[in-house]
Amino acid sequence: MPRPIEALLHPDALARNLQVARRHAGDARLWAVIKANAYGHGIERVWPGLLGADGLAMLDLDEAQRVRNLGWRGPVLLLEGCFEPRDLELCSRLNLWHVVHHETQIDWLAAHKTHQPHRVFLKMNSGMNRLGFTGDHLRSAWTRLNALPQVDEISLVTHFSDADGARGIAHQVAAFHAATHDLPGERSLSNSAAILRHAEAADVRADWVRSGILSYGSAPDFPEHDIAHWGLTPTMTLRSRLISTQSLQPGDTVGYGSRFIAEHPMRIGIVACGYADGYPRHAPTGTPVLVDGVRTTTVGRVSMDMLAVDLTPVPLAEVGSEVTLWGHGPDGSVLPIDEVAHPAGTIGYELMCALARRVPTRVVEVAPGRDTSGSA
């Protein structure tokens, strides 16, 4: 019998989340962001859930090639653009749109021999200070691109640093509009947090929005809002089973470092899941978990292959009881990934992307008990 841990992926939930993004986006077109192999889900595994998008956005040329091989004929955008001159050859062959954020990329375009002019997205650094041209350099970059026969249409893009927080986006929106107000071309400003929190402003929605983490059922502004607030559905479930139980007396300890000390008689369960599976090692005692669909918590330090849970709320749990580490549990129960990530000092993005290769993965409908779509 294989070790009783598996990840379930839910393309139908992804499709529903994209519809949530579309409802907030008004008449803007929708990029589904699939970088990091669809945030750890596997592009091919969740492919059916992506088909409702207007375009697909990612970083890697390999991922662009994969979606073309899958039959995608719509727009494909490379969010960091090209990394070396020969990348432009693949952009020409696969008809990829790409971001230009540095003068060096303009130099590569100027030297590129192509019969098919490129669609580029000129990126402005409006305050994030990672990639892009600042306002005083954006216009000269646009002028250079506009003069190149290798370039067809120039769109404009920026990225928000604080769309999920109190500072907000007004300062970046103002900087973007000040620098681009009289330049032609489509615009893309909104990431997941801006789609959900600031979509009422047409100049923020612009022509394209970029749905990233919200597509995968994680709230971009957790803990201020959870997925129930935004109407999102988890697209990944990590589940296992109890492989042992232990009875503790006051003063007994659990796990490496004896970080948990029982204050009263209690019963704990041992779960076949640890940090080598992608569960966060720094998740403290008290991190939520579902046992047979009932909410309880972890106790003690997470090990490589195991973790312990408090069975006090689940007195009938025994070896073989189902444990939901995040995602969809039995009888309609749900444990959002954000609620697991937050106590560990991280975010749902990281947990999705950190799912270990050793964890068997299947594609199922949202209710894990109704496996109707086969395996992957």
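**View A. Helix α1 lies across β2 and β9 in this predicted model.** Residues 11-25 make up α1, and this helix runs at about 145° to β2. The β9 stretch covers residues 208-211. For a second helix on the sheet, look at α4, which packs there by touching β3 and β4. The direction of α4 makes about 175° with that of β4.

**View B. Here's the barrel, closed by eight strands.** Go round it and you meet them in the order β2-β3-β4-β5-β6-β7-β8-β9, with parallel pairing. From one strand to the next, the twist averages 30°. Zoom in on β2, residues 29-33, and you'll find three bridges tying it to β3 in the parallel sense. One pair to pick out is W31 with its bridge partner in β3, G55.

**View C. Helix α4 spans residues 61-69 and has a buried side to show.** L61, E63, A64, R66, V67 and R68 are buried in this helix. What do these buried residues pack against? Their partners are the helices α2 (35-39), α3 (47-50) and α5 (87-94), plus the strands β3 (55-58) and β4 (76-78). Just past the end of α4, keep an eye on G71, which takes a positive phi of about 105°.

**View D. V309 sits in strand β16, residues 307-310.** Why does V309 count as buried? Its relative accessible area is 0%, so it falls under the 20% cut-off. Beyond its neighbours within four places in sequence, V309 is in contact with several residues, including L242, R267, I268, V289 and T298. V291 is another of those contacts; the two valines are 18 residues apart in sequence and 8.6 Å apart in space, C-alpha to C-alpha.

Methods
Residues are numbered from 1 along each chain as its sequence is written. This is a predicted model: local features need pLDDT of at least 70, side-chain atom pairs count only at pLDDT 80 or more; totals for chains, interfaces and linings use all residues. Side-chain values use heavy atoms; hydrogens and water are left out. Buried means under 20% relative accessible area, exposed over 50%, partly exposed in between (1.4 Å probe, protein chains only). Helices (H or I, at least four residues) and strands (E, at least two) are DSSP runs, numbered from the N terminus. Contact means heavy atoms within 4.5 Å. Two strands pair if DSSP finds at least two bridges between them. Axes are lines fitted to C-alpha atoms, for helices over the stretch in contact, and angles run from 0 to 180 degrees between N-to-C directions.
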